[in-house]
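Trainee: I should like to learn how to read the features of a structure that is new to me. May we go through them one at a time?

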Amino acid sequence: MLTVRNIRVAYGGTVLGLRDVSLDVPAGAIVAVLGSNGAGKTTLLRAISGVLGEHRGRVEHGEITFDGESLLSRSPAEIVAAGVVQAPEGRRIFSGLTVTENLRIGAFGKRDRSATAHARRLVYELFPILHDRGDQRAALLSGGQQQMLAIGRALMASPRLLLLDEPSLGLAPALIAQIGHIIADINERGTTVMLVEQNAAMALGVASQALVLTTGEVSLSGPAAALAANEDVRDLYLGGD
Ligand code: ATP
């Protein structure tokens, strides 16, 4: 579904964000991308979503395709329209707007009303709290609820491939587990997921495949279960237990 081939990304012409990254996200999968701070995880998502230019970054080499079509020359809005939608990291939601207004923004530009209604039903099924608190300002939600709103907003665009940037960031362990279950649920209902995470335990628990980014390169990749059993991954990302 998504292929990334030999991508090289530079910021401001010199700092290398990604050196030579290739990966595949097959339809129906959950693919986890692990790596420590500065490894290039966010850069990879920006390249796929077409927003590198907003950060003075540029793809210098390589190709990214979705269903065989190149994404590299497309605008961020065209990439969303093609079905590739990123939920913002942490809780970059519109805190001054209500929950319902935030969700409506997720469907902005969508002409297909029945698809939007379907997406809204799915969001309320997955996150009943967003329905119950629809009239409240997003700023009043708890951290976990704001994360749910960020994911819900992305789902309102009816993605075929959902990109998640650190959905566990700043959440207590019980909430991280809950977010993990929700990601699995979203996937089972038909959305392919690429999950960028520092929380390797959660990510490897829900993913089918995974890869580790190290200083802008893929240092390991394979079935998530194989990575979870890998000694280096256990030492570096799973606390060595
Ligand atoms: P984190 O989890 O801390 O966000 P990351 O794995 O997402 O880390 P990136 O943010 O993609 O890593 O950073 C990869 C490299 O690119 C780092 O060396 C970083 O300093 C550099 N970088 C990222 N954004 C920019 C930018 N806007 N301008 C210059 N360099 C950048």
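**Reading the model, from ligand to surface**

Mentor: Let us begin with the ligand, bearing in mind that this is a predicted model. There are 15 residues around the ligand, and Gly38, Gly40, Lys41, Thr42 and Thr43 are the closest.

Trainee: Which atoms of glycine 38, lysine 41 and threonine 43 lie at short distances from an oxygen atom of the ligand?

Mentor: One should ask in each case whether the backbone or the side chain is involved. For glycine 38 it is a backbone N or O atom, 2.7 Å from a ligand oxygen. Lysine 41 likewise offers a backbone N or O atom, here at 2.9 Å from an oxygen atom of the ligand. With threonine 43, an N or O atom of the side chain lies 2.5 Å from a ligand oxygen. The ligand taken alone exposes 630 Å², of which the protein buries 66%.

Trainee: How many helices and strands does the protein contain?

Mentor: The protein has 10 helices and 10 strands. Its radius of gyration is 17 Å, close to the 18 Å given by the globule rule for 241 residues, so the protein is as compact as a globular protein of that length. Along the principal axes, the C-alpha atoms fill a box of roughly 45 × 45 × 30 Å. Of the 241 residues, 47% are buried.

Trainee: How should I read a salt bridge, and how many does a search of the whole structure find?

Mentor: The general idea is that side chains of opposite charge can pair when their charged atoms come close. In this structure the search finds seven salt bridges. One of them joins the side chains of arginine 58 and glutamate 60, at 4.0 Å from N to O. Arg58 and Glu60 also belong to a network of salt bridges together with Arg8.

Trainee: Are arginine 58 and glutamate 60 buried or exposed?

Mentor: One compares the relative accessible area with the cut-offs: over 50% is exposed, under 20% is buried, and partly exposed lies in between. Arginine 58 is exposed because its relative accessible area is 54%, whereas glutamate 60, at 35%, counts as partly exposed.

Trainee: Which residue forms a salt bridge with aspartate 67?

Mentor: The partner is arginine 160, and the closest N and O atoms are 2.8 Å apart. This pair links distant parts of the chain, 93 residues apart: arginine 160 is in the loop between α6 (143-155) and β7 (161-165), while aspartate 67 is in the loop between β4 and β5 (69-70). Arginine 160 has a relative accessible area of 36% and is therefore partly exposed; aspartate 67, at 43%, is also partly exposed.

Trainee: What is the distance in the salt bridge of arginine 189 and aspartate 185?

Mentor: Their side chains meet at 3.0 Å, N to O. Arginine 189 is partly exposed at 41% relative accessibility, and aspartate 185 is partly exposed at 26%.

Trainee: Which residues make the nonpolar surface patch?

Mentor: Phe94, Leu97 and Ile105 make a nonpolar patch of about 230 Å² on the surface. Isoleucine 105 belongs to helix α3, residues 99-106, and counts as partly exposed at 35% relative accessibility.

Trainee: Where does glycine 53 lie?

Mentor: Glycine 53 is in the loop between α1 (41-49) and β4 (57-66). With a relative accessibility of 60%, glycine 53 counts as exposed. Glycine 53 and leucine 71 are 18 residues apart along the chain, and their C-alpha atoms are separated by 14 Å.

Note on methods. Residues numbered from 1 in each chain as written. Predicted model: local features only at pLDDT ≥ 70, side-chain atom pairs only at ≥ 80, totals over all residues. Heavy atoms only, no water. Patch = residues over 30% accessible without salt bridge, like charges linked within 9 Å, V, L, I, M, F, W, Y side chains within 5 Å. Areas by Shrake-Rupley, 256 points an atom, 1.4 Å probe, with all protein chains shown as cover. Helix = DSSP H or I, 4+ residues; strand = E, 2+ residues; numbered from the N terminus. Buried < 20%, exposed > 50% of the residue type's maximum accessible area, 1.4 Å probe, protein only. Near = heavy atom within 4 Å. Polar contact = N/O pair within 3.5 Å; in protein donor to acceptor, adjacent residues only side chain to side chain. Rg over C-alpha atoms; globule rule 2.2 N^0.38 Å.
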